[in-house]
Amino acid sequence: AIGLASVAGAGVVSAENGTNGNVGIADRIAQKFNLKSADVQKVFEEQRATHEAEHKATLNVNLDQAVTDGKITADQKTKLVAKLEEMKANRPDFRNMTEAERTAAKTAMETKRTEFEAWLKANNIPTDILPNGGMGGPRGGHGNSSRT
């Protein structure tokens, strides 16, 4: 969920940073309000980190409740948290990709999604304990929650 939740959020990151010669939102804000672009970008990064920490805490509370409710075992929770961290660590960085590279990365992520669904099934972990069945962010399933 964490790794997949950030897929579309990475597109927001590219919009914030500006790619392919486009001026990103952080740069536009910096210009408009006569600020340093790096300072504005730091605010975006801090917000992203805060949101990610909140999401992780909520996920842990939900998984703890799933263990308490008998939906999953403590071992399944441990495996799932490790798998989600692995997926997060391996997610692509869309910021400096060309459009062709983004398309290829999105295709690869669909393959990873299918592999994750199979992993959940093989480990007898129900998808309903994860936001949107583990296939997206907590709001709407497309990871745009990094905009908050």
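**View 1. R102 and E99 pair up within helix α5.** In this predicted model, R102 and E99 both sit in helix α5, 3 residues apart, which is about one turn of the helix. Their side chains meet in a salt bridge, with N and O 3.1 Å apart. The general idea is simple: side chains of opposite charge can pair when their charged atoms come close. Is R102 buried or exposed? With a relative accessible area of 9%, R102 is buried, because anything under 20% gets that label.

**View 2. E115 and K112 make another pair in helix α5.** Here too we're looking at residues 3 apart in helix α5, so about one helical turn separates E115 from K112. The two form a salt bridge, and their closest N and O atoms are 3.8 Å apart. That still counts, because the cut-off for a salt bridge is within 4 Å. E115 has a relative accessible area of 43%, which makes this residue partly exposed.

**View 3. D93 holds hands with R95.** The closest N and O atoms in this salt bridge are 2.9 Å apart. How exposed are the two partners? D93 has 41% relative accessibility and counts as partly exposed. R95 is partly exposed as well, at 29%.

**View 4. E52, K88 and R91 form a salt-bridge network.** Instead of a simple pair, look for E52, K88 and R91, which are linked in a network of salt bridges. How many salt bridges does the structure hold? The count is 9.

**View 5. Helices α4 and α5 pack against each other.** Two packed helices are described by the angle between their axes and the distance between the axes. For α4 (residues 74-89) and α5 (residues 99-122), the angle is about 170 degrees and the axes are 12 Å apart. Why call this pair roughly antiparallel? Angles over 145 degrees earn that name, so α4 and α5 qualify. On the α4 side, the residues to look for are K79, L80, K83, L84 and M87. They meet F116, W119 and L120 from α5. Sorted by class, this contact has 6 nonpolar residues, 2 charged ones and no polar ones.

**View 6. K83 is a buried lysine in helix α4.** Let's zoom in on K83, which lies in helix α4. Leaving aside residues up to four places away in sequence, K83 touches F116 and W119. Its relative accessible area is 19%, so K83 counts as buried, given that the limit is under 20%.

**View 7. K42 in helix α3 can be viewed together with A26.** K42 has its place in helix α3, which covers residues 37-68. With a relative accessible area of 49%, K42 is partly exposed, because the exposed label needs over 50%. Now find A26, which is 16 residues away from K42 along the chain. The C-alpha atoms of K42 and A26 are separated by 9.2 Å.

**View 8. Zooming back out, the protein chain shows 5 helices and 0 strands.** Follow the sequence along and the pattern reads α-α-α-α-α. Of the 148 residues in the protein chain, 36% count as buried. Now take the contacts with a separation of 6 or more: 60% of them are between residues 24 or more positions apart. The accessible surface comes to about 8,700 Å², and carbon and sulfur atoms account for 53% of that area.

Note on methods: Residues are numbered from 1 along each chain as its sequence is written. This is a predicted model: local features need pLDDT of at least 70, side-chain atom pairs count only at pLDDT 80 or more; totals for chains, interfaces and linings use all residues. Side-chain values use heavy atoms; hydrogens and water are left out. Axes are lines fitted to C-alpha atoms, for helices over the stretch in contact, and angles run from 0 to 180 degrees between N-to-C directions. Helices (H or I, at least four residues) and strands (E, at least two) are DSSP runs, numbered from the N terminus. Angles under 35 degrees count as roughly parallel, over 145 as roughly antiparallel, 65 to 115 as roughly perpendicular and the rest as oblique. Contact means heavy atoms within 4.5 Å. Ala, Val, Leu, Ile, Met, Phe, Trp, Tyr, Cys and Pro count as nonpolar, Asp, Glu, Lys and Arg as charged, and the others, Gly among them, as polar. Buried means under 20% relative accessible area, exposed over 50%, partly exposed in between (1.4 Å probe, protein chains only). Accessible areas come from the Shrake-Rupley method with a 1.4 Å probe; for residues, only the protein chains shown count as cover.
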